[in-house]
Amino acid sequence: MTYRPKSEFLHVMRTRGYLQDCTDLEGLDTRMMAGVLPTYIGYDATAPSLHVGSLLNIMMLRWLQKLGHKPITLMGGGTTKVGDPSFRSDERPLLSSAQIADNIANIRTVFTKYLAYGEGSTDAIMLDNAEWLDGLKYLDFLRDIGRHFSVNRMLSFESVKSRLDRDQSLSFLEFNYMILQAYDFLELNRRHGCALQMGGSDQWGNIVNGIDLTRRVDGAEVFGLTSMLLTTSDGRKMGKSASGAVWLNADMASPYDFWQFWRNTTDADVGRFLKLYTELPLDECDRLGALGGAEINAAKITLANEATSLCHGAEAAAAAAATARAVFEAGGIGEDLPTITLAPGDLPDGGITLVQLFVRSGLAASGKEARRLIAEGGARLDDVALTDVSQILDAAALAGPRKLSAGRKRHALVKLEA
C-alpha cells in the first residue's frame, strides 16, 4: 500500500497496524479531511458479552472518536435473528427475542468504557437494526432491495464459497444475512449520514454489498475499511485462552483473568499488541517490544496494565497486578484471584474431588482434561504438585481459602461458605 494518508485517523490505522483493506483509500482520506465522518461497526448479540476478538475493532472506533469523527455502534437486534454465516462451518443456533435483548443490554456496558456517548457532533451513538429490520414487509423488501443483488456474485464471496466447497449446508435464512447487513448501511446513511463501515476482513464481502446497494439506490458515496483477523504468533485465534474465550464483561471473565491473558502474551506479539490494544506512543511500543530476555516481562506487564485499565478501569488493573505479584513473586494466595465459593451442599458425602474443582474453577474444560493435568504434573494445590486424580477435599480441608493452579500462570481460589 504505497498511498500515505493525510488524515490523522487513517495515518493511525496504517502506522499502528490496523489497516488491512479499504475500498477507496484516497477517496476516504479526502472525505475524512473534509469534516466529521459518521462511521459504524455492527455487533450481533449472539452471547451476553463480546470477547477479546472484538476488541481490535472497538479500539478502531475509539481512535476514530479521539481524532474527531463520530462512532456508531450498531447492535444487531434484527440480524442476530438470522445469524452471520461468514466463515462458519455450521448454522448458528437461533436465539429468542428475549435472549437477544438481554445480550444487547449486557454488551452495551462494554462500549461505554471505550467511547463517549452523547448528543455532540463527535459523540458516539448506539443503535439497534431491529428498529428498521423488524418492520420490513417481505415482498416490498424483495422488490425494492433484493433486485439489486446478484446470486452469482453472492456465491462468489469467500465466506459463502468456503462453506459450499466443503459441501456444508447454507440455509436460505443465512444466505439473506448479507442482504440485511447491506441494508443496514443504506439505512444508516439515510438516517445519520454514515459514510464508512469498518469491520474485520471476514466482513469484506458484506461491506462491499452495502456500498454497492447504497450507491445503486441513493447514489451516495460511501466507503469500507477492514482490519486483519488476528491470530497470535503461535497460531491461536485472538480472544481465546487455554480455558476458553476471554470475555470483556467482568461478570463473565474477572479483571484478573483479563489482565492475566495479556500478561501471558508470547514474546513475539508484545510490540504488535501494544500498538493495537493500548494508546502508548509508537516509539514506546517499539522500545518495549524490542526488549529481550527477562526484560520482556516488564513489557508484558505494561501491556496488561494498559489494556485492563481501558476495559475495567485503572483500579481493577492495579488490583490484578497486585494479585499477580502476590501469587508469582511472594508465593501468596492473592485475594483478587478468580474465586469459586462452595456451599456445604456442594460436598456430597462430605467431600469434592480435585477433578471437579478444576472444572468448576474453569482451569480445566472437562474432567478428562483435569485428570490429564494432574497426571502430567501440571496441577497444584497451594503450590504443592498434585499426583492423585482421585483426591477429595472435605469441609475441614476447605476451612480456609485454597489456591488451585494449572501450570505456572493460571490460578483460582476455592472457598467454603461458613
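Trainee: In which helix is Arg 272 found, and is Arg 272 buried, partly exposed or exposed?
Mentor: In this predicted model, Arg 272 is found in helix α13. Its relative accessible area is 32%. Partly exposed covers the range between 20% and 50%. Arg 272 is therefore partly exposed.

Trainee: Which residues is Arg 272 in contact with, leaving aside its neighbours within four places in sequence?
Mentor: With those neighbours set aside, the contacts of Arg 272 run from Leu 230 to Ser 233. The residues in question are Leu 230, Thr 231, Thr 232 and Ser 233.

Trainee: What separates the C-alpha atoms of Arg 272 and Gly 289?
Mentor: Arg 272 and Gly 289 are 17 residues apart along the chain. Their C-alpha atoms are separated by 7.5 Å.

Trainee: How are helices α13 and α14 oriented to each other?
Mentor: Two packed helices are described by the angle between their axes and the distance between the axes. Here the axes of α13 (residues 270-277) and α14 (residues 282-289) come within 7 Å and cross at roughly 155 degrees. Angles over 145 degrees count as roughly antiparallel. The two helices, α13 and α14, are therefore roughly antiparallel.

Trainee: Which residues of α14 are met by residues of α13, and how do the residues of this contact divide?
Mentor: From α13, the participants are Gly 271, Leu 274 and Lys 275. They meet Leu 282, Cys 285, Asp 286, Leu 288 and Gly 289 in α14. The residues of this contact divide into four nonpolar, two polar and two charged.

Trainee: Why is helix α10 described as largely enclosed by the rest of the structure?
Mentor: Helix α10 comprises residues 177-192, with an expected span of 22 Å that agrees with the 22 Å between its end C-alpha atoms. A residue counts as buried under 20% relative accessible area. The helix is largely enclosed because the number of its 16 residues that are buried is 13.

Trainee: Which residue just after α10 takes a positive phi?
Mentor: The residue lies just after the helix, and its phi is about 65 degrees. It is Gly 193.

Trainee: Is Asn 103 buried or exposed?
Mentor: Asn 103 is found in helix α4, which covers residues 97-114. Leaving aside neighbours within four places in sequence, its contacts are Ala 45, Thr 46, Ala 47, Pro 48 and Leu 95. Its relative accessible area is 8%, so Asn 103 is buried.

Trainee: What percentage of the residues in the protein is buried?
Mentor: The secondary structure comes to 18 helices and 15 strands. Of the 418 residues in the protein, the buried ones make up 49%.

Note on methods:
Residues numbered from 1 in each chain as written. Predicted model: local features only at pLDDT ≥ 70, side-chain atom pairs only at ≥ 80, totals over all residues. Heavy atoms only, no water. Helix = DSSP H or I, 4+ residues; strand = E, 2+ residues; numbered from the N terminus. Buried < 20%, exposed > 50% of the residue type's maximum accessible area, 1.4 Å probe, protein only. Contact = heavy atoms within 4.5 Å. Axes fitted to C-alpha atoms, helices over the stretch in contact; angles between N-to-C directions. Parallel < 35°, antiparallel > 145°, perpendicular 65-115°, else oblique. Nonpolar A, V, L, I, M, F, W, Y, C, P; charged D, E, K, R; others polar. Expected span 1.5 Å × (residues − 1).
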